[in-house]
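Me: Please take a close look at the salt bridge in this protein, and tell me which residues form it and which parts of the chain it ties together.

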Amino acid sequence: MATGKIWLKSPKPSNSRFQANSPSFVTPKDLILAIIGRVSVDGVTYQSAEFTGPTIKDMSIAGRMTLCNMAVEMGAKNAIVEPDEKTREF
């Protein structure tokens with residue numbers, strides 16, 4: 001703290017792109033739990049999870065927040081959703 005510097009590793013990106021629109025009964029939590037099931041609970045340890053694609057664009061802001069919040073369950077250091085007009089309006 002005396003020098004004003006801190007040592008941090010920059011997390012590598014881990015991109016999850018969703019091409020197809022999901023059925024109306026599939027929730028964002030279902031989606032992130034399916035991802036966690038595929039990559040395991042330590043599948044993206046110390047990485048930055050990125051969520052992109054048409055499925056994400058159609059998702060509500062609350063759904064996007066759910067994805068990012070649950071990303072820590074697969075070891076992610078942080079998570080982001082590609083910003084769009086819906087994000088800017090929020």
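Reply: Among contacts between residues at least 6 apart in sequence, 82% join residues at least 24 apart, a figure that comes, like every value here, from a predicted model. The chain that makes these contacts has 4 helices and 3 strands, and along the sequence they follow the pattern β-α-β-α-α-β-α.

The salt bridge you ask about is formed by R64 and D84, whose closest N and O atoms are 2.9 Å apart, which lies within the 4 Å that the assignment requires. By this rule the count for the protein comes to 1 salt bridge. R64 belongs to helix α3, which covers residues 61-70, whereas D84 sits in the loop between β3 (78-81) and α4 (85-89), so the pair ties together parts that are 20 residues apart in sequence.

As for the surroundings of the pair, both R64 and D84 are buried, in a protein where buried residues make up 30% of the 90 residues. The exposed surface of the protein comes to about 6400 Å², of which carbon and sulfur atoms supply 58%.

Turning from this pair to the charges of the whole protein, there are 11 positive and 9 negative ones, and the mean positions of the two groups are 8 Å apart. For the overall frame in which all this is set, the C-alpha atoms fill a box of roughly 55 × 35 × 20 Å, taken along the principal axes.

Definitions and conventions. Residues are numbered from 1 along each chain as its sequence is written. This is a predicted model: local features need pLDDT of at least 70, side-chain atom pairs count only at pLDDT 80 or more; totals for chains, interfaces and linings use all residues. Side-chain values use heavy atoms; hydrogens and water are left out. Helices (H or I, at least four residues) and strands (E, at least two) are DSSP runs, numbered from the N terminus. Buried means under 20% relative accessible area, exposed over 50%, partly exposed in between (1.4 Å probe, protein chains only). Contact means heavy atoms within 4.5 Å. Accessible areas come from the Shrake-Rupley method with a 1.4 Å probe; for residues, only the protein chains shown count as cover. Lys and Arg count as positive and Asp and Glu as negative; His and the chain ends are not counted. The place of a charge is taken as NZ of Lys, CZ of Arg, CG of Asp or CD of Glu. A salt bridge is a side-chain nitrogen of Lys or Arg within 4 Å of a carboxyl oxygen of Asp or Glu.
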